[in-house]
Amino acid sequence: RNIPWWALLASIVAAETSSATFLSVPGLSFAKSGDFRFLQLAIGYIVGRTLVVVLFLPAYFRGSLFSAYELLERRFGRSTRRIASALFLVARNIGDALRLYLTAIVLSKAMGMSLTSCIIITGVVTAVYTLFGGMRSVVWNDCLQFVVYLVAAIASAVILLQGIPGGFEQLWTYAESHEKLRMFDFSWKLDDPYTFWAGLIGGTFLTLGTHGTDQMIVQRCLSARSQREAGRTLILSGVVVMVQFALFLAIGVALACYFDLHPPAELIKKSDEAFASFIVNNLPQGLLGLTLAGVVAASLSSSLNSSAATVVEDFGSLLRMNDLAPAKRLRISKLVTLIFGVVQIVIAIIAAEMGLTNSVVDNVLAIAGFTFGILLGVFCLGLLPFRISSAAASTGMLAGIGVLIAVKFGPQYDWPLFKATVAWPWFPVIGSITTFTVGALVTPLFPRHDGSVENPAVSPI
């Protein structure tokens, strides 16, 4: 709790940005029917962060907590805490592995190396610096990465604009004629991820889950000097993320205009590859190196430290680590850091072998929505004025998982008023509401004495 708020601001933004934002978000506006509607999601991000500051930060700063899921043990018992921790570990490591895969694509194009080799190199570098530096290393590296990738993005945008003969005026005309400037869509289409309501409601619920219950973000907040500085950091990070989204979407529109005037030598099969193709084939040396550094920097904001902390703190008693000396626990956490580094590399290689067809940023956000909506629901159960048993909370989480699996993978039917297909921004809404509702309804069916620990400092939340 001694890192300045501005460093944590850069760290949180860098942690959210990743190579998925750097390469995949421009692809959203580059696509044939692409526009600025993705920016609606950032509105929900700001609303969600504000609610996190009001609802969750006071509880975190009232107690000496190292894991977000310690709150769940105080309120519901150890089993609920472990289920929540396991969900975090699955979601965060799959999402980061997909970011690692996307970074390796552009490195492979630029360096002429195999995709698998680039995945391994990037993954090893991330694991090594996290292993030696810990959380402080992660935060300060995030600050450096934030500056590098932002400068690289702005420089690339300038080069793009210089490659358009008519400059900004021609780019604006192109954007208007191809309907690239549309930002708001107020239709109620559940199968469209880029409506205003999906962005506002889905983005709010997603942010409540990721920034209120995600150990990677909570750990950064707990590094702040005070609750006030942590709250300021969270809200300002939402504003910075919105500006970043606007920058990368503008780059996507400029890419569409540029390639319309200068068709690429190789056909761009996926919109995610458009910016990578421009970087490798059109940037001058020097700037190419800076931009590649930006791409790699955006992927290196590590969740490995947070994953290791979650295992040691939340599963320590199960693995009989609680009675070990602090030095030995630290050695174990370093070993776990390496293990998660290997796990992310393996998942990234599997993704490369499968050859994802959808936007990587959509896949990453869908995974986050699937998991953190459920975590949000169980955290909100802790806000109720009466005690919820561990069995009731766990039942709610299992119900949320079951409903989301049915929504995502079950049979798709066309109903009279809407299509049964549900876009990913609604996943955290459905998951959190199902978890909360079922957990509250089944409470009378389970005994309330379940081993949870009363602690006036943090309970009730």
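Here's a quick look at the fold, one helix and a few residues of this predicted model.

Local features need pLDDT of at least 70 and side-chain atom pairs 80 or more, while totals for chains, interfaces and linings use all residues. Residues are numbered from 1 along each chain as its sequence is written, and side-chain values use heavy atoms, with hydrogens and water left out.

The protein has 17 helices and 0 strands (DSSP runs numbered from the N terminus: H or I of at least four residues for helices, E of at least two for strands). Of its 461 residues, 58% are buried (under 20% relative accessible area; exposed is over 50%, partly exposed in between, with a 1.4 Å probe and protein chains only). For contacts (heavy atoms within 4.5 Å) with a separation of 6 or more, 84% are between residues 24 or more positions apart.

Now for helix H14, residues 326-354. Its 29 residues should span 42 Å at 1.5 Å a residue, and the end C-alpha atoms are indeed 42 Å apart; the expected span is 1.5 Å times one less than the number of residues. Buried residues of H14 include Arg329, Ser333, Val336, Thr337 and Phe340. An α-helix has 3.6 residues a turn, so residues three or four places apart point the same way.

Two residues from other helices:

| Residue | Helix | Relative accessible area |
|---|---|---|
| Arginine 82 | H5 (residues 78-111) | 18%, buried |
| Leucine 51 | H2 (residues 40-55) | 34%, partly exposed |

The C-alpha atom of arginine 82 is 6.8 Å from that of phenylalanine 315, although 233 residues separate them along the chain.
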